[in-house]
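Student: Please take a close look at one buried aromatic residue and its partner, and then work outward to the other side-chain contacts. I would like one connected account.

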Amino acid sequence: MKSEGRYLESAKEINVYGKYDVIVIGGGCAGFSSAIAAARNGAKTLIVERFPFFGGTATASLMANIVGFRNQVEPDYLQTTKGIGEELMLNLFKEGGAVNSRNAYPSAIRSNTKGDLSYNYAFDTEVFKFVVLKMVKDAGVDILFHTYFSDVIMEDNTVTGIICETKSGRQAIYGGIIIDASGDGDVAFKAGVPFWQTRGDEAPRLNDCLMYKITGFPAETKASGCLYKNTMVVWGPSPGATNAADADELSAEEVKVRLAVYQDLEAKKKAHPGELDGAWVLDTGSLIGVRQTRFFEGEYKITNEDVLEGREFDDSIAMAANPIIHYYGYRRFLEHEGYQIPYRCIVPRKVENLYVIGRCMSTDQQAYESWRAMAHVLAIGEAAGVAAALCIKTKCRVRNLDIKALQARLIEQNCEIGQGKHKK
Ligand SMILES: Cc1cc2nc3c(=O)[nH]c(=O)nc-3n(C[C@H](O)[C@H](O)[C@H](O)COP(=O)(O)OP(=O)(O)OC[C@H]3O[C@@H](n4cnc5c(N)ncnc54)[C@H](O)[C@@H]3O)c2cc1C
């Protein structure tokens, strides 16, 4: 970030927008599932989102391929994400908004009914927005769109609220538990939770990419992309390894990839003769697809070994089974039904009253490349929402929560936390 000196902002009184049991910042897959879960479990819940719709990467960045409902290859008997993730898929089917992905391995295609979801699906991003908005509204969550989180309110090391920029100006909002689902961990960053970040090309990492939607191609096209009716979302230009949590770099990324879109489509047409004849760009993501920025340190950091060995944890709150997609230079599939995600991964070090969920959760690089799949992110989000509501109900600190009570509630809500795993 550029700097040409410092400016001392003067103190001023601002409006208190409200007081909530639970405030969720960010309405991506992690955020909306946590908000729905918190509200359904009796917490007065607010969700704050900078766009006027939910989905984050799934919708704003047109990432129209939801993966991870079970291992992509055998052993794939266990549906590792149920709960709100499954409900979302069933609602999408009901609205005609999801289809089996063309790139699915034939063995991974199931009946697409409750308890029998396939590994992955392509979906229509507009139907996704509609279905999720309805689920959030029906759960009784208060929604504040067009609102940008800008700072935390802290008492010592405890977050007690947030400061937001809204259309009506700067607002203070108090919350019993704050859930950071902003993807980049904006809340945790301001609160001072330690984090790590791969900058540039210094280590293996997943780069950002502008997804764009095309139409006009031949009906029988074999070109790769998320095909839904006569549209297809394709993986577009990448800016290379940059830091999307830096204002200048993020802006420069957007400029670079947006100037490269039409060239990218022409290159795809040349690379796949006949497959994309007549195709034209219908839409680009409102936001470049940001794969990874900061990762915040939690009470536990999930590791490569946990993922590869299918480890189990006493404080499991979710299951994951997606391959490690890039680190090894090939798609490294898992040789088991799935591993567990411990509660301690969403409990940040050093700061109280806060959960950190979604793509900035406590992890190493390899593990991240597996659990980042949207199905898993939805499951972890749901667990955080239930946990937050339980903390409020039992007047308990995040760090002291009764894990058995949380797990019992998750199982009651049809979440898979490992109870369905077949014994080795
Ligand atoms: C290019 C690309 C390809 C991918 N491919 C796949 C795939 O094929 N299948 C799959 O399942 N997954 C895929 N993923 C991964 C997956 O999409 C993400 O891991 C997941 O969607 C992350 O969800 P999230 O809720 O943690 O974060 P995000 O989706 O980033 O959501 C964060 C939300 O917070 C909001 N926000 C951020 N900062 C603020 C702020 N300061 N104030 C208010 N709101 C804020 C954002 O607007 C956004 O809505 C891909 C990701 C990318 C980028």
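Tutor: Phenylalanine 54 has a relative accessible area of 1% in this predicted model, and because buried means under 20%, phenylalanine 54 is buried. The structure counts 15 aromatic pairs. In one of them, the ring centres of phenylalanine 54 and phenylalanine 145 are 4.9 Å apart, and with the planes at 55° the pair is tilted. Phenylalanine 54 belongs to the loop between β2 (45-48) and β3 (65-67), while phenylalanine 145 belongs to the loop between β6 (142-144) and β7 (148-155). The two are therefore 91 residues apart in sequence, and the pair ties those parts together.

Aromatic contacts also occur as a group: Trp196, Phe295, Tyr368 and Trp371 make up one aromatic cluster.

Rings also meet charges. Arginine 294 lies over the face of phenylalanine 189, with 3.9 Å to the ring centre. Arginine 294 has a second contact to describe, a salt bridge with the side chain of aspartate 186 at 3.3 Å, N to O. Arginine 294 sits in the loop between β14 (280-284) and β15 (295-296), and aspartate 186 in helix α4 (residues 186-191), so this salt bridge ties together parts that are 108 residues apart in sequence. The relative accessibility of arginine 294 is 7%, so arginine 294 counts as buried. Another charge over a ring is found at arginine 332, whose charged end sits over tyrosine 328, 4.6 Å from the ring centre.

The salt bridge of arginine 294 is one of 23 in the structure. Another joins aspartate 306 and arginine 311 through their side chains, at 2.8 Å from N to O. Here the two partners differ in exposure: aspartate 306 is buried at 0% relative accessibility, whereas arginine 311 is partly exposed at 32%. Elsewhere, Arg70, Asp76, Arg110 and Asp116 are joined into one network by salt bridges that share partners.

A further salt bridge lies within a single helix. Lysine 269 and glutamate 266 both belong to helix α6 (residues 261-271), where they are three residues apart, about one turn of the helix. The closest N and O atoms of this salt bridge are 3.8 Å apart. Glutamate 266 has a relative accessibility of 43% and therefore counts as partly exposed.

Notes: Residues are numbered from 1 along each chain as its sequence is written. This is a predicted model: local features need pLDDT of at least 70, side-chain atom pairs count only at pLDDT 80 or more; totals for chains, interfaces and linings use all residues. Side-chain values use heavy atoms; hydrogens and water are left out. A salt bridge is a side-chain nitrogen of Lys or Arg within 4 Å of a carboxyl oxygen of Asp or Glu. Helices (H or I, at least four residues) and strands (E, at least two) are DSSP runs, numbered from the N terminus. Buried means under 20% relative accessible area, exposed over 50%, partly exposed in between (1.4 Å probe, protein chains only). Rings of Phe, Tyr and Trp (its six-membered ring) pair if their centres lie within 6.5 Å; planes under 30 degrees apart count as stacked, over 60 as edge-to-face and the rest as tilted. A charge sits over a ring if NZ of Lys or CZ of Arg is within 6 Å of the ring centre and within 35 degrees of the ring normal.
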